[in-house]
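User: I would like to go through this model one question at a time, with the reasoning set out. Please explain each term where it first comes up.

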Amino acid sequence: MQRRLLSGGPHAGLGVGNIRNTRERVAELAEASIAAPAFLRQPATVAIIGAPQNRGQPYIGTDRGPALLRRAGVREMLASLGWRVDDRGDCDMGGPVEAGWPKNAAAVEAGSRSLFEAAKRAHADGCLVLALGGDHSIALGSVAAAIASRPETRILWVDAHADCNTPETSRSGNMHGMPLGYLLGLDGSMGWLPRLDPRHLAFVGLRDVDPEERKTLRRLRDDGAFVSTMKEVDGLGIGGVMREALEALGFFRGGHHDEKSNKNSPPLHLSFDIDAIDPQIAPATGTVVRGGLSFREAHYVCEAVWETGALGSMDIVEVNDGLTDAAQAQETVDLAAALVVSACGDVIC
Ligand SMILES: NC(=[NH2+])NCCC[C@H](N)C(=O)O
Ligand SMILES: [Mn+2]
């Protein structure tokens, strides 16, 4: 929704998603300076890799995610925080639409493999690796690269969905519902994937879980994964959930980081599916489920991640501007961009 002022004042132009919005934000952020995670090479650099994948789900539009996020000013805002920004362009997600099960298997696997290679190079260069999706199937590449580069990496999966189907358990055949199924080795057909240890995985935001996934989640919990749903957000508050999740992953005091405490901790990979957020706030996405994270809860997740001092890589996925009107799409894109900046060190004060 655009707010129109009768006359220009200090807040004129603060409408949703126009260029002044970003510029004003950049000017504010320029004051900040980040204390980047210790395992990154100096000067602290964020490598941006676009992964314009849409073959993991049924809609055209998730492929525009990287371009939309760039246009929303992600690079400028990160630079204003003190990051060196190394935009490495987009990976090739090409490949024809295919029949078969799972759907578009070849295009999804090939796209994820090209992201895997690009992200591994960026990790080897000592960068914080930011993957701009694309649908959530790209996590096959980004999470695999994080684990292959630093095997101790912990994964925080923020999502309405558990995305741990396999071609056998999936009812849709859409591969954006399967990245964790493959990464956990529940389906062994992608031989190039390193194996994710369930003890290194935490879920936040779940509220739409398929019947077979429910069984899988129970097993994962027995095997040491941290599984929380929106019910825990209701019960404990997002602060309590994040503290528990980060502690379960081995980070000291979760969301209340003391600078030195996580110095030698493993890196953290944040995989943030925009559909974790309530559709009233982030409507431009393909698999909307009511009852999601609030605006502040979503930011809190990212702020708590930053406070670990251990963020090594991040995905932002499932933004699709083709499914709503333009203003709703822009709100979603702007929020996605702001969450990236939050996770990379933007603080209120
Ligand atoms: N990344 C997502 N938006 N995933 C949605 C998955 C929905 C459903 N569980 C499926 O497997 O088809
Ligand atoms: Mn997802």
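User: Which residues are exposed on the other side of helix 7?

Analyst: This is a predicted model, in which local features need pLDDT of at least 70, side-chain atom pairs count only at pLDDT 80 or more, and totals for chains, interfaces and linings use all residues. Residues are numbered from 1 along each chain as its sequence is written, chains are lettered from A and ligands numbered from 1 in the order written, and side-chain values use heavy atoms, without hydrogens or water. Helices are DSSP runs of H or I with at least four residues, strands are E runs of at least two, and both are numbered from the N terminus; buried means under 20% relative accessible area, exposed over 50%, and partly exposed in between, with a 1.4 Å probe and protein chains only. By that measure, the exposed residues on the other side of helix 7 are Arg218 and Asp222.

User: Within what arc do the buried residues of helix 7 fall?

Analyst: The buried residues of helix 7 are Glu213, Thr216, Leu217 and Leu220. Viewed down the helix axis, and taking directions from that axis to the C-beta atoms, these residues line one face of helix 7, because they fall within an arc of 105°.

User: Which residues coordinate the manganese ion (ligand 2)?

Analyst: Donors are N, O and S atoms within 2.8 Å of the metal (3.2 Å for Na, K and Ca), and the site may look incomplete because water is not among the atoms. At 2.0 to 2.3 Å, the ion is coordinated by His136 (ND1), Asp159 (OD), Asp163 (OD) and Asp273 (OD).

User: How many residues apart are histidine 136 and aspartate 273?

Analyst: The donor residues of the manganese ion (ligand 2) are spaced H-x22-D-x3-D-x109-D in sequence. Histidine 136 lies in the loop between strand 3 (128-133) and helix 5 (139-149), whereas aspartate 273 is in strand 7 (residues 268-273), so the pair links distant parts of the chain, 137 residues apart. Histidine 136 counts as buried at 0% relative accessibility, and aspartate 273 is buried as well, with a relative accessible area of 2%. The separation asked for is therefore 137 residues.

User: Is serine 112 buried or exposed?

Analyst: Serine 112 sits in helix 4 (residues 105-124). Leaving out residues up to four places away in sequence, serine 112 touches Ser137, Ile138, Leu140, Gly141 and Trp192, where contact means heavy atoms within 4.5 Å. Because its relative accessible area is 1%, serine 112 is buried.
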